[in-house]
Amino acid sequence: MITKFWLPISVILIIILIWELSATFFAIPDWILPAPTVIFAEAVSSWPNYQHHIFATIHLTIYGFVLGLMIGLIIAITLHLIPRLREALYPLLIMSQNIPIIVLAPLLVIWFGFGITPKLLIIILVCFFPIAVATIDGLKQTNPELIHYMKMAGATKKQIFIKLELPHALPSIFSGLKISATYSVMGAVISEWLGANQGIGVYMTLASSSFRTDRVFVAILFIMILCLLFFGIIIGLEKMLIKWRKDGNE
Amino acid sequence: MSTLQISQLSKSFNSDIILDQLNLKVNEGEFVSLLGPSGSGKSTIFHLIGGLYTPDNGKITLNEKDITGQKGSISYMPQSPSLFPWRTVLENVVLAQELFEKPDKQKAIKMLERAGLGEYINRYPAQLSGGMRQRAAFVRSLLSPQSMICLDEPFSALDEFTRLDMQKWLLSIWEEERPSVLFVTHNIEEAIYLSDRVLILGVRPASVIQEITIPFERPRTESLTLTPDFLQIKKSIFQTLRGIDND
């Protein structure tokens with residue numbers, strides 16, 4: 001348990017140490033690659049100047065993620081309940097993920113303006129897919145023995161879905177959620193590049209165009225922290241809801 | 001309470017005739033075993049009773065009510081325990097009842113205690129042994145509102161010792177509750193030990209080729225299986241089954 005926790009931490013610390021030493025040793029200019037200490041100092045001293053950007057991004061991410069989650073689940077459940085529809089729409093679902101967001105983003109602005117709509121659409125687009133695919137797979141992989149039992153016991157289709165298939169798919173849904181949670185932060189930052197007045201994406205664009213590389217790294221640092229935070233929340237929820245799996249391994 | 005009557009039941013898949021004119025009856029409070037070699041269409045019979053298939057011909061009635069092709073008329077216990085891994089033992093045993101009415105948890109707890117699972121009501125199935133899981137599955141079928149229970153080779157996946165324990169346990173519970181039972185098995189000794197009547201199924205197409213009334217008094221004990229009378233019945237069934245194979 002202790003090694004499991006310390007192993008990744010020490011790897012990160014070693015990388016930061018090498019980075020710090022080489023930045024000083026090779027005298028790399030700050031606008032190319034600032035040393036970790038410089039980034040850290042900037043992160044601490046300018047906190048009042050940029051903190052509102054972070055909260056704006058958190059807001060946007062949560063909105064987008066919740067919408068993406070709902071849409072992903074609705075799509076998955078609909079396609080599961082109507083197999084013909086699944087056959088018809090599954091390829092379309094996959095193709096939706098082949099559209100480069102960078103290309104799509106400006107188009108969405110043309111169609112929907114600079115408001116919150118195109119931003120939410122981008123987050124939804126990156127979020128719904130992992131959830132939908134994981135849920136569809138989870139529902140499809142329901143143990144046939146249990147389905148057979150439910151049918152013999154006289155369960156209706158609705159009962160089979162609610163009492164058996166949905167709880168059976170829960171672990172899969174959570175794997176989808178974990179991927180989406182991290183994607184949603186990226187989606188939010190990208191959507192902010194489109195033209196927002198606040199958010200980490202805005203802060204990042206401003207920083208890079210004025211060669212404040214240290215601030216770019218501060219932005220990256222906070223994106224990572226947010227990703228880990230959302231990931232952690234999902235894992236916490238998973239542990240709360242799926243107790244049986246852990247016990248089952250004993 | 002419950003009388004199951006199957007008359008003239010026929011079913012074929014494509015050109016494969018699985019059942020041909022099958023007749024059988026399970027009387028109120030009676031324990032009837034269907035004994036036959038693997039592939040004799042035993043599962044098909046259950047699927048028909050459970051309403052998963054509709055027969056080509058014939059009729060299934062429960063208490064003189066036609067239940068042909070109707071789901072949920074019988075209580076069912078499958079070969080594998082089929083407990084839901086995310087439900088505790090208590091939540092699992094009320095599942096079948098939950099499908100039709102509000103579950104009676106107090107009754108379920110009492111029943112689990114009698115099944116020796118009192119300490120395990122809040123455990124998950126993965127934490128139980130194979131025998132305990134089967135007991136939970138049987139309790140679930142007893143708690144189901146239907147009074148006719150169909151058991152599909154419930155002990156075939158257990159080792160010999162657990163199997164004997166389970167048979168004794170099943171008999172003790174059954175003798176208290178006396179539900180009507182249709183029991184499918186391919187184990188001769190099990191069929192004789194448990195049943196009031198044993199029906200021997202012929203293979204492809206399946207039909208009842210011999211009916212044997214088991215005369216032993218209840219409650220039965222394990223030593224019964226070694227008495228000359230018991231062995232005599234076993235021998236005669238064995239020869240009948242051998243006869244099927246030799247055809």
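Are Glu153(B) and Lys42(B) buried or exposed? Keep that pair in mind as we walk through this predicted model, since charged side chains will be our guide.

Let's start in chain A. The UniProt record, an unreviewed entry, annotates residues 54-235 of chain A as "domain: ABC transmembrane type-1". Over that stretch the chain is 86% helix and 0% strand, and the C-alpha atoms at its two ends are 22 Å apart.

Now for the salt bridges, of which there are 13 over all chains. A good one to look up in your viewer is the bridge between Arg212(A) and Glu42(A), where the closest N and O atoms are 3.2 Å apart. Arg212(A) sits in the loop between helix H9 (200-209) and helix H10 (213-241) of chain A, while Glu42(A) belongs to helix H2 (residues 36-45) of chain A, so this pair ties together parts that are 170 residues apart in sequence. The two partners can also be placed by their accessibility. Arg212(A) is partly exposed, at 30% relative accessibility, whereas Glu42(A) has a relative accessible area of 9% and is buried. The pair does not stand by itself: Glu42(A), Arg212(A), Asp214(A) and Arg215(A) are linked in a network of salt bridges.

From here we can cross over to chain B. Lys163(A) and Glu98(B) meet through their side chains in a salt bridge, at 2.6 Å from N to O. Because Lys163(A) lies in helix H8 (residues 157-193) of chain A and Glu98(B) in helix H3 (residues 95-98) of chain B, this pair joins two chains. Lys163(A) counts as buried, with 18% relative accessibility, and Glu98(B) is partly exposed, with a relative accessible area of 21%; the cut-off for buried is under 20%.

Another link between the chains involves Ser80(B), found in the loop between strand S6 (75-77) and helix H2 (89-93) of chain B. The side chain of Ser80(B) makes a polar contact of 2.9 Å with that of Glu145(A). Leaving aside residues up to four places away in sequence, Ser80(B) touches Glu145(A) and Gln134(B). Ser80(B) is buried, its relative accessible area being 18%.

That brings us back to the opening pair. The side chains of Glu153(B) and Lys42(B) form a salt bridge at 3.2 Å, N to O. Glu153(B) is in the loop between strand S7 (148-152) and helix H6 (160-177) of chain B, and Lys42(B) is in helix H1 (residues 42-49) of chain B, so to speak a link between distant parts of the chain, 111 residues apart. As for the question we began with, Glu153(B) and Lys42(B) are both buried.

Definitions and conventions:
Residues numbered from 1 in each chain as written. Chains lettered and ligands numbered in written order. Predicted model: local features only at pLDDT ≥ 70, side-chain atom pairs only at ≥ 80, totals over all residues. Heavy atoms only, no water. UniProt positions renumbered as here; feature names shortened; annotations may be inferred. Helix = DSSP H or I, 4+ residues; strand = E, 2+ residues; numbered from the N terminus. Salt bridge = Lys/Arg side-chain N within 4 Å of Asp/Glu carboxyl O. Buried < 20%, exposed > 50% of the residue type's maximum accessible area, 1.4 Å probe, protein only. Polar contact = N/O pair within 3.5 Å; in protein donor to acceptor, adjacent residues only side chain to side chain. Contact = heavy atoms within 4.5 Å.
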